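Got the viewer open? Grab your selection tool and let's take a walk through the chain.

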Amino acid sequence: MKILGISAFYHDSAAALVCDGEIISAAQEERFTRKKHDESFPTNAVKFCLESNNLILEDIDFIVFYDKPFLKLERILETFYRNAPRGWRQFVYSMPLWLKEKMFLKSTLKKALKEIGNFDKKKTKLLFSEHHLSHAASAFFCSSFKDAAILCIDGVGEWATASISKGVNNKIELLEEMHFPNSVGLLYSSSAYFLGFKVNSGEYKMMGLAPYGNPNASETIDFKEKIKSNLVQIFEDGSIVLAEEYFSFTTSLKMISKKKWEALFKISLRSEESPLTQTHCNLALAIQQVTEGIVLRMAKHAKELTGSDYLCMAGGVALNCVVNGKIKDENLFKDIFIQPAAGDSGAALGAALAVNYMYLNNERVSEQNSFKSAFLGPEFNNAQIVDTLESLQMDFTKLEDLDLLSQVSNYLKEGKVVGWFQGKMEFGPRALGNRSIIADASNKEMQTKLNLKIKKRESFRPFAPIMLQEEFDEYFGINESSPYMLFVHKIKAEKRKPIPANFYALPLLERLKIKRTNIQAITHLDFSARIQTINESQSKKTTDLLKQFKQDTGTGMLVNTSFNVRGEPVVCTPKDAVYCFMNTEMDILVIENFVLVKENQAKELFSSFEQTFKKD
């Protein structure tokens with residue numbers, strides 16, 4: 001049975017293909033269109049899922065959309081009615097879109113599918129899943145657990161903003177829901193907006209800013225009290241009630257009441273490019289800590305409701321790896337599984353799995369039912385790579401595996417930054433070693449270099465490590481796998497270096513320069529890191545490179561950041577990789593076994609690549 005899952009028309013549209021219970025392919029539309037967080041119908045992602053498996057649309061038995069648009073419309077209409085006449089501008093803005101595209105979504109989907117192939121509604125059944133069920137299924141049915149609590153937290157689906165379910169074998173039972181407008185995700189997004197970050201894309205920046213806050217500062221403590229006293233009422237089970245007078249998302253196109261937030265926190269709403277102060281850092285930390293407290297209460301309540309020993313998490317808030325690390329540290333559950341595409345893109349996969357198990361009542365087969373790898377996207381053969389490199393007039397060499405690993409390890413030891421493009425593209429927002437930029441984690445200048453010269457983004461942004469399993473135990477005292485970069489852990493005390501007494505009084509960028517550990521480039525200011533471990537079953541060549549680097553340096557760990565620049569999606573094709581390579585100060589590009597050295601490229605190509613990159 002072949003099932004195609006689709007998410008679209010909000011943000012991060014995607015397609016996923018499940019065949020006889022096995023996850024075959026999945027990708028986000030943004031990787032093909034090069035439009036970050038693309039919300040359009042995932043035409044290219046659907047084509048990839050079909051063509052890479054030698055299928056046509058007629059071969060698909062079920063196509064399932066990730067949520068129910070009429071329930072979402074009901075929420076919009078009821079919210080307007082409840083707040084009328086406030087919100088009429090938002091109503092006038094949103095209704096034409098609904099009438100044109102979303103009100104008649106079934107027709108919109110059929111039209112889009114017919115542009116891809118012969119969609120026969122008699123042969124291929126079109127279904128709709130509920131938003132939070134899609135999230136829950138994306139986590140539980142991808143896990144190896146046969147019995148688990150399922151916690152989903154996001155901005156909003158149709159009505160639900162958080163839900164607790166229990167998964168047993170091939171069924172998911174909803175136990176409790178929290179409804180719009182009370183939303184942890186929207187509280188977090190609103191706070192990110194106030195701090196100058198974009199909604200639905202900048203929340204992770206606020207998470208990265210939080211460790212720069214001083215947890216002992218009276219200002220941070222005061223901010224936390226103001227949040228809990230004025231913005232949100234928090235109950236023992238983790239449910240919340242937002243103080244609606246401080247929020248505008250129910251009645252306008254803006255997230256917050258700017259005047260009320262500025263009066264509450266005694267600071268102005270920050271513009272995106274304005275300087276960050278310690279006060280901004282302290283507020284980010286306060287919001288993060290309040291969020292951690294709420295989600296921890298939800299996790300404890302999920303444990304009480306289900307009695308399960310295992311937890312699955314999904315929804316955009318499940319990408320907050322600091323929160324995830326706090327839950328793990330509580331030891332509430334024997335194990336936690338979070339599917340790496342935990343946001344709306346992953347709901348396409350969840351919708352397909354929900355049809356397979358719950359609608360079709362298929363049994364979960366142990367060798368099929370777990371999420372084996374996030375590497376579910378496009379890959380390219382040597383002929384395709386050579387054709388691209390030659391057409392772009394690039395200078396390159398091809399090396400055998402052993403020579404490649406030795407040469408790349410040497411480049412990394414020399415402090416060079418390497419674009420590492422291997423195998424199938426990752427599904428989800430994290431680069432996990434196949435579309436990555438890698439560098440030496442021990443280089444104390446590397447964080448600044450990567451941010452300013454390669455990624456072209458804010459200098460405070462942290463980087464994560466990719467490491468061999470034994471390094472996780474060596475540096476963090478944890479002997480388990482963490483393959484999807486979804487948990488933050490603190491570095492062992494004996495691996496830390498002392499920081500000066502006036503540390504938090506120093507300017508933000510000066511604090512970055514103070515050596516905190518021997519793996520400086522991946523050590524955040526609070527001695528934490530977002531962990532990814534890797535082994536040969538996930539990616540043999542990347543694992544072998546880490547082994548070679550350990551042999552050469554004594555440490556099997558590298559900086560791993562996504563292969564893109566600020567504002568661009570992660571690269572998908574060799575052409576994307578070359579453009580990114582040529583338009584940054586990246587030193588080396590490795591595409592499979594083909595090596596490109598920046599200084600060997602013809603100088604006259606640089607300006608043409610810059611123009612083409614901007615045009616594309």
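Select Ser562 to begin: in this predicted model, Ser562 is buried, at a relative accessible area of 16%, because anything under 20% counts as buried. You'll find Ser562 in strand β19, which covers residues 557–562. Show side chains and look for the polar contact of 2.7 Å between Ser562 and Asn564. Which residues does Ser562 touch once those up to four places away in sequence are set aside? Highlight Ala431, Arg435, Ile437, Lys455 and Val570.

Next, select residues 574–582, which form helix α20. Eight of the nine residues here are buried, so the rest of the structure largely encloses α20. Colour Pro574, Asp576, Ala577, Val578, Tyr579, Cys580, Phe581 and Met582 to pick out the buried ones.

Now jump to Asn600, in the loop between β21 (594–597) and α21 (604–615). Is Asn600 buried or partly exposed? Asn600 is partly exposed, with a relative accessible area of 42%. Draw a distance line from its C-alpha atom to that of Thr291: the two residues are 309 apart along the chain, and the line spans 49 Å.

Follow that line to Thr291, one of the α11 residues that meet α7. Select helix α7 (residues 184–194) together with helix α11 (residues 278–306); their axes lie 11 Å apart, at an angle of about 175 degrees. That angle makes the two helices, α7 and α11, roughly antiparallel. On the α7 side, pick Val184, Leu187, Tyr188, Ser191 and Phe194; facing them from α11 are Leu283, Ile287, Gln288, Thr291, Ile294 and Met298. Colour this contact by class and you get eight nonpolar, three polar and no charged residues.

Conventions
Residues are numbered from 1 along each chain as its sequence is written. This is a predicted model: local features need pLDDT of at least 70, side-chain atom pairs count only at pLDDT 80 or more; totals for chains, interfaces and linings use all residues. Side-chain values use heavy atoms; hydrogens and water are left out. Buried means under 20% relative accessible area, exposed over 50%, partly exposed in between (1.4 Å probe, protein chains only). Helices (H or I, at least four residues) and strands (E, at least two) are DSSP runs, numbered from the N terminus. A polar contact is a pair of N or O atoms within 3.5 Å; within protein, one must be able to donate a hydrogen and the other to accept it, and residues adjacent in sequence count only if both atoms are side-chain atoms. Contact means heavy atoms within 4.5 Å. Axes are lines fitted to C-alpha atoms, for helices over the stretch in contact, and angles run from 0 to 180 degrees between N-to-C directions. Angles under 35 degrees count as roughly parallel, over 145 as roughly antiparallel, 65 to 115 as roughly perpendicular and the rest as oblique. Ala, Val, Leu, Ile, Met, Phe, Trp, Tyr, Cys and Pro count as nonpolar, Asp, Glu, Lys and Arg as charged, and the others, Gly among them, as polar.
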